[in-house]
Amino acid sequence: MKDLLTLKDLTSAEILAIIDQAICLKRDYTPYQDALKGRSVVTLFEKPSLRTRVSFDIGIHKLGGHAVYLDQQNGALGQRESVKDFALNLSRWCDAIVARVFDHQTLVALRQHATVPIVNSLCDLYHPCQALADFMTLREHCGELDKVTLGYVGDGNNVTHSLMFAAAKLGAKIIVVCPPGHFPDGKMVLEAQSIAAQTGGQVTLSSELSALEGCDALYADTWISMGDDTPLASIKAKFQPYQINSALMASSGARYVLHCQPAHREVEITSEVMDGPGSLILDQAENRMHAQNAVLLSLLAK
Ligand code: CP
Ligand code: NVA
């Protein structure tokens with residue numbers, strides 16, 4: 001593994017190894033406290049962040065490395081100077097670049113020109129670090145991932161794509177339930193389904209909430225992602241039946257609920273469920289750090 005742009009590029013074994021390593025780190029960082037000693041990682045953000053920014057910064061510190069945060073002061077990459085020059089300069093100082101960008105092609109350009117690994121910390125198409133943390137969380141609470149059924153409910157987006165690829169690679173089942181017209185990208189669905197056909201996983205789509213019956217966990221994300229200026233009022237009525245609330249938890253039979261956050265309480269998820277006994281939402285947030293550290297170790301540790 002040289003970079004992490006999308007989980008599609010990783011083998012099932014690589015994804016499982018990252019999850020195993022993350023669980024091991026979570027138990028005890030002591031053997032790894034100098035693993036990134038003398039190494040520096042640039043974390044750059046074209047979009048806002050709480051979890052990603054803090055979990056990379058503190059996580060890199062736990063491995064003995066140094067994180068350099070670049071905020072949105074430079075605006076979208078490629079405006080003040082080309083993405084190529086950005087990548088060439090940063091590669092002279094740092095050992096890896098973690099980037100949150102508007103356009104996936106910016107990551108592709110960074111990878112093309114940088115001489116250090118690139119980690120996607122969210123783009124318009126994917127959020128691989130999130131899906132790694134999410135399946136690590138499911139592994140902790142539900143056991144073997146090839147027996148897990150996850151129900152994603154809401155807008156088909158970057159998080160959905162990464163969850164579909166993670167599920168497909170891991171031989172898990174994912175049922176994606178979206179309002180008509182808001183499904184994930186059709187090409188990605190077909191790709192994920194063809195991977196799943198080889199692993200014993202399953203990727204299915206529906207607009208019917210009854211498709212969620214039998215899920216181990218339900219998953220919510222915002223109905224409007226960063227960079228999308230659709231007013232909530234214009235989609236609220238269409239999305240309202242897809243809110244994760246105690247009635248949907250009961251009708252699906254799901255024991256657990258996940259949300260990548262930031263969450264909009266009483267919009268895509270109710271506080272009752274978010275703060276309830278089946279919520280794994282803060283475990284997911286914590287696990288971002290361990291999963292990302294496992295990725296950095298596999299990219300950088302000698
Ligand atoms: N889930 C997630 O990526 O959160 P942030 O946008 O706060 O980083
Ligand atoms: N789909 C959301 C995820 C936020 C972590 C977004 O892209 O804004």
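**Exercise 1. Find the residue that stands opposite Tyr152 in S6, and place the pair in its sheet.**

Step 1. Tyr152 stands opposite Val176 in S6. The model is predicted: local features need pLDDT of at least 70, side-chain atom pairs count only at pLDDT 80 or more, and totals for chains, interfaces and linings use all residues. Residues are numbered from 1 along each chain as its sequence is written, and chains are lettered from A and ligands numbered from 1 in the order in which they are written.

Step 2. A second such pair is Leu150, opposite Ile174 in S6. Strand S5 (residues 149-153) runs parallel to S6, and five bridges join them. Strands (E, at least two residues) and helices (H or I, at least four) are DSSP runs, numbered from the N terminus. Two strands pair if DSSP finds at least two bridges between them.

Step 3. The order S7-S6-S5-S8-S9 describes an open sheet of five strands with parallel pairing. Strand S7 (202-206) and strand S9 (256-259) are the edge strands, each pairing on one side only. On average, neighbouring strands of this sheet are turned by 20° against each other, direction ignored. Such angles run from 0 to 180 degrees between N-to-C directions, with axes as lines fitted to C-alpha atoms, for helices over the stretch in contact.

**Exercise 2. Decide whether strand S6 is enclosed or open, and give the reason.**

Step 1. A residue is buried if 20 or more other C-beta atoms lie within 10 Å of its own, exposed if 12 or fewer, and partly exposed in between, with C-beta atoms placed from the backbone.

Step 2. In a regular strand the side chains alternate between the two faces of the sheet. In S6, Lys173, Ile175 and Val177 lie on one side and Ile174 and Val176 on the other, and all are buried.

Step 3. Strand S6 (residues 173-177) is largely enclosed by the rest of the structure because five of its five residues are buried.

**Exercise 3. Describe the sheet that holds S1 and S2.**

Step 1. The order is S2-S1-S3-S4 in an open sheet of four strands, with parallel pairing.

Step 2. Strand S2 (66-70) and strand S4 (118-120) stand at the edges with a single partner strand each, so one side of each has no neighbour in the sheet. The twist averages 20° from one strand to the next.

Step 3. S1 and S2 run parallel and are joined by five bridges. Leu44 has Leu70 as its bridge partner in S2.

**Exercise 4. State where Glu46 lies and which residues it contacts.**

Step 1. Glu46 is in the loop between strand S1 (40-45) and helix H2 (51-62).

Step 2. Glu46 counts as buried because it has 22 C-beta neighbours inside 10 Å.

Step 3. Leaving aside neighbours within four places in sequence, Glu46 is in contact (C-beta atoms, placed from the backbone, within 7 Å) with Gln72, Ala76, Leu77, Arg100, Val101 and Phe102.

**Exercise 5. List the residues around ligand 1 and sort them by class.**

Step 1. Ligand 1 is surrounded by Ser49, Leu50, Arg51, Thr52, Leu122, Gln130, Cys260, Gln261 and Pro262. The criterion is a C-beta atom, placed from the backbone, within 6 Å of the molecule.

Step 2. This shell has four nonpolar, four polar and one charged residues. Ala, Val, Leu, Ile, Met, Phe, Trp, Tyr, Cys and Pro count as nonpolar, Asp, Glu, Lys and Arg as charged, and the others, Gly among them, as polar.

Conventions
Two residues are in contact if their C-beta atoms, placed from the backbone, lie within 7 Å.
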